[in-house]
Amino acid sequence: MNGYLRLSAALLVLNTSSTVLASTASDMTVSGLVTPSSCTVGLSGSGLIDHGKIPVHRLNLDTPTTLPSEWLDVDINCSGPMLFALIGMDSRADSSPTPDTDYGLGKNPHATSEHLGWVGLAFESALGDGQAMRALVSKNQGSNWVPQSEIHPKTLMGFARPGRPFPEPIVSLTTRIRADTTIQPANRLSLKQEVPLDGSLVLDLRYL
């Protein structure tokens with residue numbers, strides 16, 4: 001089995017949306033936010049985690065197999081102090097057994113009903129403008145924040161100094177993402193051919 005988790009960085013600068021009403025008149029609304037400053041996101045290794053070839057005999061027969069943890073470095077640099085959050089968008093959500101907390105590894109291309117496993121992500125060792133930071137999470141679009149290092153899909157993640165209840169404006173942030181990959185028990189998978197792990201997600205930066 002070849003294993004890899006792709007993480008790509010996406011930058012959201014302007015949102016637009018429109019609404020068309022079924023009547024003799026049509027209203028269109030365009031909304032957005034133009035910011036005087038901007039941020040760039042960088043991921044080490046081009047955002048690729050490759051577990052290499054995993055022999056079938058290394059997989060547990062009737063319990064999940066957790067692979068060794070891997071790490072990616074994250075660098076966020078802004079042209080001025082910016083209030084932002086990150087959100088993970090899973091491209092393989094339909095293959096995750098717990099899509100609210102873990103990212104899917106895709107499906108077996110030789111038996112598409114078989115889900116290959118999942119990936120758990122977490123932030124570690126965050127520094128913002130040279131100061132220690134902790135990750136905060138909001139599940140209600142930024143109204144409330146609580147400390148949490150795990151990066152759950154579709155959940156806003158911000159950063160602040162310890163003891164601060166809300167994300168803080170930051171110019172430069174460095175942190176690490178720990179990826180813990182787990183493969184389904186071997187007796188649940190058809191493994192007569194090579195099966196590629198196919199995790200894929202976007203780490204999106206959003207201005208608050």
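**Close-up views of a predicted all-chain model**

**Figure 1. Residues 1-25 have a pLDDT under 50 throughout.** The model is predicted, and for residues 1-25 it has 87 contacts beyond four places in sequence. Where pLDDT is low, the predicted coordinates should not be read in detail. For the protein, the average pLDDT is 83, and 82% of the residues score at least 70.

**Figure 2. The protein is shown with its 15 strands and 0 helices.** The protein has 208 residues, and 42% of them count as buried. Its accessible surface is about 10,800 Å², with 52% of that area belonging to carbon and sulfur atoms. Of the contacts between residues at least 6 apart in sequence, 73% join residues at least 24 apart.

**Figure 3. The largest nonpolar core of the protein has 40 residues.** The residues with the most contacts inside this core are Cys39, Ile76, Phe84, Leu121, Phe123, Phe159 and Leu173. Several strands each supply at least two residues of the core, among them strand 2, strand 5 (70-82), strand 6 (84-90) and strand 10. Strand 11 (131-138), strand 13, strand 14 (170-183) and strand 15 (199-207) also each supply at least two. A second, separate core has 6 residues, including Ala85, Leu136, Leu156 and Ala160.

**Figure 4. Leu173 is shown with the residues it touches beyond four places in sequence.** Val74, Asp75 and Ile76 are among these contacts of Leu173, as are Phe84, Met133 and Phe159. Leu173 also touches Ala126, Leu127 and Gly128. Leu173, Ile76, Phe84 and Phe159 are among the residues with the most contacts inside the largest nonpolar core.

**Figure 5. Gln148 lies in the loop between strand 12 (146-147) and strand 13 (156-160).** Gln148 counts as buried because its relative accessibility, 17%, is under 20%. A polar atom of the Gln148 side chain lies 3.0 Å from the backbone oxygen of Glu150. The side chain of Gln148 also makes a polar contact with the side chain of His152, at 3.5 Å. Leaving aside residues up to four places away in sequence, Gln148 touches Ala135, Leu136, Val137 and Met157. Of these, Leu136 is included in the second core, the one of 6 residues.

**Figure 6. A hairpin joins strand 8 to strand 9 through 2 residues.** Strand 8 covers residues 107-108 and strand 9 covers residues 111-115. The two strands pair in the antiparallel sense, over 2 bridges. Within this pairing, Asn108 stands opposite Ala111 of strand 9.

**Figure 7. Ser46 has a positive phi of about 55 degrees, although it is not a glycine.** Most residues other than glycine have a negative phi. Ser46 is placed in the loop between strand 2 (39-43) and strand 3 (48-53). With a relative accessibility of 73%, which is over 50%, Ser46 counts as exposed.

**Figure 8. Ser125 is a non-glycine residue with a positive phi of about 55 degrees.** Ser125 is placed in strand 10, which covers residues 117-128. Its relative accessibility is 57%, so Ser125 counts as exposed. Strand 10 is also one of the strands that supply at least two residues of the largest nonpolar core.

Conventions. Residues numbered from 1 in each chain as written. Predicted model: local features only at pLDDT ≥ 70, side-chain atom pairs only at ≥ 80, totals over all residues. Heavy atoms only, no water. pLDDT = per-residue confidence, 0-100. Contact = heavy atoms within 4.5 Å. Pairing = 2+ DSSP bridges. Helix = DSSP H or I, 4+ residues; strand = E, 2+ residues; numbered from the N terminus. Buried < 20%, exposed > 50% of the residue type's maximum accessible area, 1.4 Å probe, protein only. Polar contact = N/O pair within 3.5 Å; in protein donor to acceptor, adjacent residues only side chain to side chain. Areas by Shrake-Rupley, 256 points an atom, 1.4 Å probe, with all protein chains shown as cover. Core = buried A, V, L, I, M, F, W, Y, C linked by side-chain atoms within 4.5 Å.
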